[in-house]
Amino acid sequence: PYYYDQIEGWFDIASSPLAGQGVLLSFTDITALKQLQAQQAEALAALQQSNDNLQSFAYVASHDLQEPLRKVESFGSLLEERCGALLDEQGQDYLRRMQRAARRLSGLIRDLLAYSRLGSGQQSPTSVSL
């Protein structure tokens, strides 16, 4: 017989009494399962870190983009008020398109900011009509 003084690994041990004969012990090697669970835990931690980084980036990017966009919207409005009548039809069309595009981009930035807050618990639930 072989005798081992060190066995490394994870084992599931079960015992059952034998009728007047003693105890039956069974060992199941679950080392591979434990290693897989450890790998899954590492992968989950890495994924969580990646998600946290993405949320931080989205939050910062949306804040950094808002100020220049407000300038575009403000100067577009001033241009429309002060010089709109001086522009020909094509110039007015360009100005309207610029303003619509700025509003769309503003909405996208707000949506990006809302998305970045989804996992952080900063947004409270609201009722919606189905």
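## A tour from the hairpin to the helices

Begin by selecting Phe11, which is partly exposed, with a relative accessible area of 34%. The model in the viewer is predicted, and Phe11 belongs to strand 1.

**The nonpolar patch.** Add Ile7, Ile13, Val23, Leu25 and Phe27 to the selection; together with Phe11 they make a nonpolar surface patch of about 630 Å². Which elements give two or more residues to this patch? They are strand 1, residues 11–18, and strand 2, residues 22–29. Strand 2 supplies the largest share, with three residues. Phe11 can be part of such a patch because a relative accessible area of over 30% is required, and the value for Phe11 is 34%.

**The hairpin.** Next, display the backbone of both strands. Strand 1 and strand 2 run antiparallel and are joined by eight bridges. One pairing to inspect is that of Leu18, whose bridge partner in strand 2 is Gly22. Three residues lie between the strands of this hairpin. In the turn, select Gly20, where phi is positive at about 70°.

**The whole chain.** Now zoom out. The chain holds two helices and two strands, arranged β-β-α-α from the N terminus on. With a radius of gyration of 32 Å, well over the 14 Å that the globule rule gives for 130 residues, the chain is more spread out than a compact globule. Along the principal axes, its C-alpha atoms fill a box of roughly 105 × 40 × 25 Å. Colouring by accessibility will show that buried residues make up 13% of the 130 residues. The chain exposes about 11,100 Å², of which carbon and sulfur atoms supply 57%. Among contacts with a separation of 6 or more, 42% are between residues 24 or more positions apart.

**Buried polar residues in helix 2.** Move to helix 2, residues 89–117, and select Gln99. Is Gln99 buried or exposed? Gln99 is buried, with a relative accessible area of 8%. Beyond its neighbours within four places in sequence, Gln99 is in contact with Val72, Glu73, Gly76, Ser77 and Glu80. Continue to Ser106, also in helix 2. Ser106 has a relative accessible area of 16% and is therefore buried, since the term applies under 20%. With the same neighbours in sequence left aside, Ser106 is in contact with Leu69 and Glu73.

**Salt bridges.** Show the charged side chains; the count of salt bridges comes to five. Side chains of opposite charge can pair when their charged atoms come close. Select Glu67 and Arg70, whose side chains meet in a salt bridge at 3.2 Å, N to O. Glu67 and Arg70 are three residues apart in helix 1, residues 31–83, so about one helical turn separates them. Glu67 is partly exposed at 36% relative accessible area, and Arg70 is partly exposed at 41%.

Finish in helix 2 with Asp93. The side chains of Asp93 and Arg97 meet in a salt bridge at 3.0 Å, N to O, and these two residues lie four apart, about one turn of the helix. Asp93 also forms a salt bridge with Arg96, with the closest N and O atoms 4.0 Å apart. Asp93 and Arg96 are three residues apart, and so are separated by about one helical turn. Asp93 counts as partly exposed at 22% relative accessibility, as does Arg96 at 34%. Add Glu89 to the selection to see the network of salt bridges that links Glu89, Asp93, Arg96 and Arg97.

Conventions: Residues numbered from 1 in each chain as written. Predicted model: local features only at pLDDT ≥ 70, side-chain atom pairs only at ≥ 80, totals over all residues. Heavy atoms only, no water. Patch = residues over 30% accessible without salt bridge, like charges linked within 9 Å, V, L, I, M, F, W, Y side chains within 5 Å. Areas by Shrake-Rupley, 256 points an atom, 1.4 Å probe, with all protein chains shown as cover. Buried < 20%, exposed > 50% of the residue type's maximum accessible area, 1.4 Å probe, protein only. Pairing = 2+ DSSP bridges. Contact = heavy atoms within 4.5 Å. Rg over C-alpha atoms; globule rule 2.2 N^0.38 Å.
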